[in-house]
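Hi there,

Here is the structure I promised to pass on, with my notes on it just below. Could you have a look at it when you get a moment?

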Amino acid sequence: ICKNFSQSKNSPCAGNCLNMDRNEALKMQKILQEEVKKLQTVNQKIQKLAEPRNAYMTQLAENEGVIKELEMLSEDDKVYKLMGPVLVLQELDVAKRDVHNRISFMKKQIKQIEAQTMDYGKDQIEIRTKIQGMQKVMMKAQQDAVNAKLKTQQAGGQ
């Protein structure tokens with residue numbers, strides 16, 4: 001590819017690609033397309049994480065409402081738990097513990113999903129930066145080719 005272009009994660013060419021030939025341009029275009037595909041894949045992964053996160057957030061809100069209601073009850077009040085089609089009597093402290101455990105589990109799941117989303121977000125930024133750098137290099141090479149052609153035409157016309 002271009003002498004100054006690096007396929008590493010860090011750097012596209014600094015824009016000093018004056019003599020990019022057609023083969024180099026095609027290779028860079030292919031790499032660019034691969035990076036765009038990577039970006040699309042990362043975007044899809046982020047979107048897929050949004051669905052379970054939203055479900056956990058909804059369940060968390062419901063369970064936090066349940067725990068508030070359970071906190072208002074006295075030890076004499078009866079609590080029933082729905083198990084399949086049957087309501088089963090459950091002790092208040094057991095019901096509170098179960099709901100607290102569910103809340104804790106949901107918070108951990110949400111935290112894990114958010115960490116994954118952040119990681120994918122970093123990947124997304126890195127890929128976008130690489131794509132933008134490659135596009136900049138390609139546009140500069142294109143502009144340089146146009147300028148060279150114009151110079152040749154002007155020199156030939158004089």
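**What I found**

Leucine 87 is a good place to begin: this residue sits in strand β2. Please keep in mind throughout that the model is predicted. With a relative accessible area of 57%, leucine 87 is exposed, because the cut-off for that class is over 50%. Leucine 87 also belongs to a nonpolar surface patch of about 460 Å², which it makes together with Tyr80, Leu82 and Leu89. Two elements, β1 and β2 (86-90), each give two or more residues to that patch.

There is a charged patch on the surface as well. Glu75, Asp76, Asp77, Glu91 and Asp93 form a negative one. Of these, you will find glutamate 75 in the loop that runs between α1 (22-72) and β1 (79-83). Its relative accessibility is 61%, so glutamate 75 counts as exposed.

Now for the inside. Which residues have the most contacts within the largest nonpolar core? They are Tyr56, Leu60, Ile67, Leu70, Val79, Val99 and Ile103, in a core of 13 residues. Both α1 and α2 (92-157) supply at least two residues of this core, and α2 provides the largest share, with 7 residues.

Next, the charged pairs. Side chains of opposite charge can pair when their charged atoms come close. The structure holds 7 salt bridges, and I would like to walk you through a few of them.

*Within a helix.* Lysine 38 forms a salt bridge with glutamate 35, and the closest N and O atoms are 3.1 Å apart. Both residues lie in helix α1, separated by 3 residues, or about one turn of the helix. How do the two partners compare in exposure? Lysine 38 counts as partly exposed, at 43% relative accessibility, whereas glutamate 35 has 5% and counts as buried because the limit for that class is under 20%. The pair also belongs to a wider arrangement: Glu35, Lys38 and Lys130 are linked in a network of salt bridges.

*Between the two helices.* Lysine 96 forms a salt bridge with glutamate 71, with 3.7 Å between the closest N and O atoms. Because lysine 96 lies in helix α2 and glutamate 71 in helix α1, this pair ties together parts that are 25 residues apart in sequence. Lysine 96 counts as buried, at 18% relative accessibility, while glutamate 71 is partly exposed, with a relative accessible area of 44%.

*Between strand and helix.* Lysine 81 forms a salt bridge with aspartate 98, where the closest N and O atoms are 3.8 Å apart. Here lysine 81 lies in strand β1 and aspartate 98 in helix α2, so the pair ties together parts that are 17 residues apart in sequence. Lysine 81 is partly exposed, with a relative accessible area of 31%, and aspartate 98 counts as buried, at 19% relative accessibility.

If you want somewhere to start looking, try helix α2: it gives the core its largest share of residues, and it holds lysine 96 as well as aspartate 98. After that, you could turn to the nonpolar patch of Tyr80, Leu82, Leu87 and Leu89.

Happy viewing, and all the best!

Notes:
Residues numbered from 1 in each chain as written. Predicted model: local features only at pLDDT ≥ 70, side-chain atom pairs only at ≥ 80, totals over all residues. Heavy atoms only, no water. Patch = residues over 30% accessible without salt bridge, like charges linked within 9 Å, V, L, I, M, F, W, Y side chains within 5 Å. Areas by Shrake-Rupley, 256 points an atom, 1.4 Å probe, with all protein chains shown as cover. Salt bridge = Lys/Arg side-chain N within 4 Å of Asp/Glu carboxyl O. Lys, Arg positive; Asp, Glu negative; His and termini not counted. Charge placed at Lys NZ, Arg CZ, Asp CG, Glu CD. Helix = DSSP H or I, 4+ residues; strand = E, 2+ residues; numbered from the N terminus. Buried < 20%, exposed > 50% of the residue type's maximum accessible area, 1.4 Å probe, protein only. Core = buried A, V, L, I, M, F, W, Y, C linked by side-chain atoms within 4.5 Å.
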